[in-house]
Amino acid sequence: MELNAEVLKKMTRAIASTRDEEIGCDDCFEFVDIFVEAKLQGKNPEEAMPLVEAHLNRCANCQDEFEALLDAIKATSDDPD
Amino acid sequence: MSDKPGGIDIPMNERTNEEWLADLRGPDKDQAITDLREILVRGLSYSLSTRTRGDIDSLVEDFAQDALVKILANLDTFRGESKLTTWAQKIAIRVAYTELRRKRWQDIALEDLLPEDSGPDFTPAILTDPEAGPEQQATQQMILETVMRLIQENLTERQKTAIQAVMGGGMPLEVVAERMGTNRNALYKMIHDARKRLKRELHAEGLTTEDIMAAFDNA
């Protein structure tokens, strides 16, 4: 099977940004609640947790869940912004 | 404490983590479970209302119930590094999204996302950026042809199928994983292994990350 043309282009970009050390969806899930809380506290989790940040940028599924969790926490927070 | 569905004065994060754990495990756990369910329902209702069409109330109740079962079964794994309610909502979001993705893609087979044999007419030239100069276009074409060859030489059919379904078909990882008899994390790692392998092979052919980035800058 050959990949179709658009996938080939996406894959080429993805290869260029590939790191030897990347965390998977399980590790991202493990830490995403801490990441979300830090984000809502105005801290900089991207710097403190770069592997989580990189995974979120690369994995659309984890990114969707991260954004949904962010919204859910805001909606149930005692101290909304 | 309020019993108003969707009310604004429901008990939110009034308990500390220690109190939540004690209450969820103690003789008054029914009240704690009710309180936690309210939080899950409210969080899910808000986050899904902006992302899902139609009536979500019954869906949210089901997701919250399924999530509660998981949460209560996994209380021992909670390490206290976030609020218990944040941890619990993380699980509820995962439960909801997994089910929504499964439903959304239930009628689409993996095979539907795979390209028909493109044959000899396939050419990466059609992918080059028309706005790029002739030199950059030539570089893009050379890189794409090299990547295509390296994919054929180095990746398994399983890796190619996963990449095509996820990157080309937009099928969620966990749905692809289920169809391929694996799980989301293992599938991510399979694709990561493929990317690493191709990156090494490209470097061996003298193409660096910088070369690739430069060739496709703004493309």
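## Chain B from end to end

Starting at the N terminus, the elements of chain B follow the order α-α-α-α-α-α-α-α-α. Counted up, that gives nine helices and zero strands. Keep in mind as you explore that this is a predicted model.

Chain B is divided into two domains: domain 1 covers residues 17-104, and domain 2 covers residues 111-215. How far apart do the C-alpha centres of domain 1 and domain 2 of chain B lie? The distance is 38 Å.

Chain B has 219 residues, and 33% of them count as buried. Now take the contacts in chain B between residues at least 6 apart in sequence: 64% of these join residues at least 24 apart.

## Where chain B touches chain A

Let us turn to the place where the two chains meet. Chain B brings 56 residues to the contact, and chain A brings 40 residues. On the chain B side, the elements that give two or more residues are α2 (29-49), α4 (84-104), α5 (134-154), α6 (157-168), α7 (173-179), α8 (184-204) and α9 (209-215).

Which helix provides the largest share of the side of chain B that touches chain A? That is α8(B), with 10 residues. Sorted by class, the residues on this side of chain B are 28 nonpolar, 14 polar and 14 charged.

## Two crossing helices in chain A

Next, find helix α2 (residues 25-40) and helix α4 (residues 50-58) in chain A. Their axes come within 10 Å and cross at roughly 105°. An angle of 65 to 115 degrees counts as roughly perpendicular, so α2(A) is roughly perpendicular to α4(A).

Which residues meet here? From α2(A) come A:Cys28, A:Phe31, A:Val32 and A:Phe35, while α4(A) offers A:Val52, A:His55 and A:Leu56. The contact of α2(A) with α4(A) has six nonpolar residues, one polar residue and no charged ones.

## The two sides of α4 in chain A

Stay with α4(A) and look at how its residues are placed. Its buried residues are A:Val52, A:His55, A:Leu56 and A:Arg58. Why do these count as lying on the same side of α4(A)? Because they cover an arc of only 165° around the axis.

What do the buried residues of α4(A) pack against? Their partners are α2 and α5 (60-75) of chain A. On the other side of α4(A), by contrast, you will find A:Pro50 and A:Asn57, which are exposed.

Methods:
Residues are numbered from 1 along each chain as its sequence is written. Chains are lettered from A and ligands numbered from 1 in the order in which they are written. This is a predicted model: local features need pLDDT of at least 70, side-chain atom pairs count only at pLDDT 80 or more; totals for chains, interfaces and linings use all residues. Two residues are in contact if their C-beta atoms, placed from the backbone, lie within 7 Å. Helices (H or I, at least four residues) and strands (E, at least two) are DSSP runs, numbered from the N terminus. Ala, Val, Leu, Ile, Met, Phe, Trp, Tyr, Cys and Pro count as nonpolar, Asp, Glu, Lys and Arg as charged, and the others, Gly among them, as polar. Domain bounds come from an automatic or database domain assignment. Axes are lines fitted to C-alpha atoms, for helices over the stretch in contact, and angles run from 0 to 180 degrees between N-to-C directions. Angles under 35 degrees count as roughly parallel, over 145 as roughly antiparallel, 65 to 115 as roughly perpendicular and the rest as oblique. A residue is buried if 20 or more other C-beta atoms lie within 10 Å of its own, exposed if 12 or fewer, and partly exposed in between; C-beta atoms are placed from the backbone. The arc is that of the directions from the helix axis to the C-beta atoms.
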